[in-house]
Amino acid sequence: MQIKACLFDLDGVVVNTAKYHYLAWKKIATDLGFEFSELDNERLKGISRTESLDLLLEIGNLKLDPETKNELAEIKNNFYVSSIQKMNSDEILPGVIRFLNELHDGGILIALGSASKNAMTILNKINIIQLFDVIIDGNKVSKAKPDPEVFIKGAAELGVEPQYCVVFEDAQAGIEAARNGGMYIIGVGEAENLKNADFVIPGFETITLDQLINWYS
Ligand code: B16
Ligand code: MG
């Protein structure tokens, strides 16, 4: 079998926006009167904004009405959006641009598959829209990861069958989404947080297309 396409998650794979999400959720937790640690934040990675809020409230042992929850999600997003305004291409994780260019030169199609509704803002800030053949973000899907919709749509728009796709993900929910979509999965980060990936890399600094082809075959 041959790799025809690679699909990249955004937050935690291309850029480290997880820290901005964390600070925004921590502010909400502090305002509500409870602690929210970086370890707790691991559970929020890759899942949608509303599901993140539900988990946050579970951690804080709080039950709130839907209207208050909508307000809190909006406050969190406003805080997050203001913190990503300062982003620039320096925040692209090491090796990502080189690897995307190598894939492109090797004839591999490239898609973004992110749960974030703010993905286009981030891609504009870091100036890498042109490196993706297809972009699927949280505004284009109705089912959040671990549902495979975001990756299935990306593959379909690229015109590639799932079994020829490789997904790069930093979150458990995203790995499950790729697994549910029948794709090969490279976890990006620490192996203990990335159960069920086919292979785990710490980042993109040294990965090459030849290596990827070797792991996949
Ligand atoms: P937003 P990804 C995900 O992006 C983040 O990992 C997750 O923490 C966030 O809750 C989700 O996007 C929604 O983001 O509030 O900006 O719509 O990792 O799928 O690129
Ligand atoms: Mg992610």
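These legends go with several views of one predicted model.

**View 1. The whole protein, with its helices and strands.** Start here to get your bearings: the chain forms nine helices and six strands. The radius of gyration is 17 Å, close to the 17 Å that the globule rule gives for 217 residues, so the protein is as compact as a globular protein of that length. Along the principal axes, its C-alpha atoms fill a box of roughly 50 × 35 × 30 Å. Of the 217 residues, 47% are buried.

**View 2. Ligand 1 between two domains.** Why does ligand 1 lie between domain 1 and domain 2? Both domains give residues to the shell around ligand 1, so that is where the ligand sits. Domain 1 is made of two stretches, 5-15 and 89-216, while domain 2 covers 18-84.

**View 3. The shell around ligand 1.** Now zoom in on the surroundings of the ligand, where you can find 17 residues. The closest are I47, S114, S116, K117 and N118. What kinds of residues make up this shell? Five are nonpolar, seven are polar and five are charged.

**View 4. Polar contacts to the oxygen atoms of ligand 1.** Look for three residues in this view: G46, N118 and K145. G46 takes part through its backbone, with an N or O atom 2.9 Å from an oxygen atom of ligand 1. N118 uses its side chain instead, placing a polar atom 2.7 Å from an oxygen atom of the ligand. In K145, a side-chain N or O atom is 2.9 Å from an oxygen atom of ligand 1. Taken alone, ligand 1 exposes 470 Å², and the protein buries 97% of that.

Methods:
Residues numbered from 1 in each chain as written. Chains lettered and ligands numbered in written order. Predicted model: local features only at pLDDT ≥ 70, side-chain atom pairs only at ≥ 80, totals over all residues. Heavy atoms only, no water. Near = heavy atom within 4 Å. Polar contact = N/O pair within 3.5 Å; in protein donor to acceptor, adjacent residues only side chain to side chain. Areas by Shrake-Rupley, 256 points an atom, 1.4 Å probe, with all protein chains shown as cover. Nonpolar A, V, L, I, M, F, W, Y, C, P; charged D, E, K, R; others polar. Domains from an automatic or database assignment. Helix = DSSP H or I, 4+ residues; strand = E, 2+ residues; numbered from the N terminus. Rg over C-alpha atoms; globule rule 2.2 N^0.38 Å. Buried < 20%, exposed > 50% of the residue type's maximum accessible area, 1.4 Å probe, protein only.
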